[in-house]
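This report describes a single protein chain, passing from its overall composition to its sheet, its cores and a number of individual residues. The sequence and the structure are shown first.

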Amino acid sequence: MRKNFRDGEFHLKKFLSAIIAASFLLAGCGDNEVATPKPPVVKVQQITASTAAQEENYSGVVRGRYETNLSFQVGGKIISREVQTGSLVRAGEVLMTLDPKDIVEQSRSTQAQVASAKAQLQLAKSNLERYSELFKEDAIAAAVLDQFKTQYDAAKAAYDAAVAQARQSENALEYTNLTANADGVISAVNAEVGQVIAAGQNILTLVQTGELEVVVNIPENKISAVQIGQRVSITFWATGNEVTGTVREISPMADPDSRTFAVKISLPEVQNIQLGMTANVATREISASEIILPLNAIYQTGDAAQVWLVDGGKVFAKKVEVTGFDDNNVRVHGLKAGDIVVVAGVQKLHEGQAVRTGD
């Protein structure tokens with residue numbers, strides 16, 4: 001009986017040893033199989049046509065950058081007009097002429113005044129020289145000599161004034177011809193032959209054709225989106241040509257009647273474009289569509305702004321140009337429709353990291 005007990009105890013120990021050995025074997029196998037963590041889930045936004053900022057369109061008019069209102073520097077009666085609306089002119093070309101008769105007579109009158117003043121000056125000079133000799137001989141008192149000196153000074157001043165007036169009359173004679181100050185085209189004629197005009201009255205408008213621009217009027221609630229130097233798209237209705245213009249000038253004040261701001265846009269050299277043509281101006285940038293993203297989508301590294309794009313289950317950095325901010329959103333250039341942008345947790349990502357866009 002003791003032997004049977006020992007045999008049973010031996011078999012029990014052997015069974016327990018087998019179980020322990022199997023446990024160690026299973027544990028060793030588990031150490032070789034390391035669980036691979038799943039890629040993190042990121043929140044994304046896909047760029048679509050509706051994501052782009054809406055472009056604003058305005059109607060504009062082609063004008064010359066430099067427009068000059070021409071007028072005579074003297075008044076008189078117009079006796080000739082050499083140009084009409086639309087005439088091309090050269091710098092120095094005579095455009096209109098006044099009747100010079102009155103100015104010629106005035107010039108003669110001033111010349112006569114010069115001659116009279118000159119005679120008085122010569123007499124005063126002779127008297128001063130004669131009485132100066134008498135004073136040296138103690139024949140007259142100093143007070144008498146001072147009197148003749150004063151007469152000479154007055155005669156000299158009168159002569160100088162007469163000469164200056166005569167020169168003004170000569171200039172006025174030249175002013176009877178209205179000339180072009182630059183090459184250009186006549187855009188307006190405001191006086192006709194036979195009309196008597198005043199000095200400074202607007203007679204002609206000369207537009208220099210060397211540089212053209214488009215002028216648009218933008219409402220006050222939209223003017224903040226326009227900046228000097230901004231590139232805009234310009235389409236001419238008459239020709240269908242599309243060019244890129246640059247905002248050159250923004251009026252500092254709104255028009256009191258229309259409550260709009262005049263904006264002048266410089267044009268490159270364009271063929272077949274005439275003054276007065278109408279054009280459509282789109283204020284969206286030409287280089288790329290403007291995309292609106294959440295502010296959290298921007299990953300800033302130094303001075304460069306970037307976003308993370310998801311492609312093939314991995315993220316890649318893409319540089320963008322920030323053009324403005326709207327509340328918690330940012331407007332950027334450099335993305336296109338179809339791009340998938342990470343919009344949360346961008347600071348925890350790195351180049352080429354695998355990510356999931358859903359569970």
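Two residues are in contact when heavy atoms of the two lie within 4.5 Å. On this basis, among contacts in the protein chain between residues at least 6 apart in sequence, 73% join residues at least 24 apart. The model examined here is predicted.

## Overall composition

The protein chain holds three helices and 21 strands. Of its 359 residues, 31% are buried. The exposed area of the protein chain is about 22300 Å², and carbon and sulfur atoms supply 51% of that area.

## A four-stranded sheet

One open sheet consists of four strands in the order β7-β6-β4-β9, and the pairing is antiparallel. Its edge strands are β7 (177–179) and β9 (196–197), each of which pairs on one side only. In general, the strands of a sheet pair through backbone hydrogen bonds, either parallel or antiparallel. Strand β4, residues 76–81, is joined to β9 over two bridges in the antiparallel sense. Within this pairing, G76 is positioned opposite I197 of β9.

## Nonpolar cores

The largest nonpolar core comprises 23 residues. Those with the most contacts inside this core are V214, V216, I234, F236, V263 and I265. Two or more residues each come from β2 (57–64), β11 (212–219), β12 (231–236), β13 (242–250), β14 and β15 (278–282). The greatest contribution is that of β11, which gives four residues.

The surroundings of V216 can be listed in detail. Residues up to four places away in sequence not being counted, V216 touches Y58, S59, G60, F261, A262, V263, I265 and V281. Another core, of 19 residues, lies apart from the largest one; V89, M96, I186 and I203 are among its members.

## Aromatic pairs

The structure contains two aromatic pairs. A pair of aromatic rings is described by the distance of the centres and the angle of the planes. The table gives these values.

| Pair | Centre to centre | Angle between planes | Arrangement |
|---|---|---|---|
| Y131 and F148 | 3.9 Å | 15° | stacked |
| Y299 and W308 | 5.4 Å | 35° | tilted |

The pair of Y131 and F148 links distant parts of the chain: Y131 belongs to helix α2 (residues 101–136) and F148 to helix α3 (residues 142–174), 17 residues apart. Y131 counts as partly exposed because its relative accessible area is 24%, whereas F148, at 13%, is buried. In the other pair, both Y299 and W308 are buried.

## Surroundings of Q306

Q306 is located in strand β18, residues 304–311. With a relative accessible area of 13%, Q306 falls under the 20% limit and is therefore classed as buried. Which residues does Q306 contact, leaving aside its neighbours within four places in sequence? They are A297, I298, Y299, T301, A317, K318, K319 and V320. The C-alpha atoms of Q306 and V332 are separated by 9.9 Å, and these two residues stand 26 residues apart along the chain.

## T260 and the preceding loop

T260 is placed in strand β14, which covers residues 260–266. Its relative accessible area of 15% is under 20%, so T260 is buried. The side chain of T260 makes a polar contact of 2.7 Å with the side chain of S258. When neighbours within four places in sequence are left aside, T260 is in contact with N217, I218, P219, A254 and D255.

R259 lies in the loop between β13 and β14. Its phi is near 55°, a positive value in a residue other than glycine. Most residues other than glycine have a negative phi. R259 is partly exposed, with a relative accessible area of 40%.

## The loop between α2 and α3

Is D138 buried or exposed? D138 counts as exposed because its relative accessibility is 69%. This residue occupies a place in the loop between α2 and α3. D138 has a positive phi of about 60°, although it is not a glycine.

Definitions and conventions:
Residues numbered from 1 in each chain as written. Predicted model: local features only at pLDDT ≥ 70, side-chain atom pairs only at ≥ 80, totals over all residues. Heavy atoms only, no water. Pairing = 2+ DSSP bridges. Buried < 20%, exposed > 50% of the residue type's maximum accessible area, 1.4 Å probe, protein only. Phe/Tyr/Trp six-rings, centres within 6.5 Å; stacked < 30°, edge-to-face > 60°. Polar contact = N/O pair within 3.5 Å; in protein donor to acceptor, adjacent residues only side chain to side chain. Areas by Shrake-Rupley, 256 points an atom, 1.4 Å probe, with all protein chains shown as cover. Core = buried A, V, L, I, M, F, W, Y, C linked by side-chain atoms within 4.5 Å.
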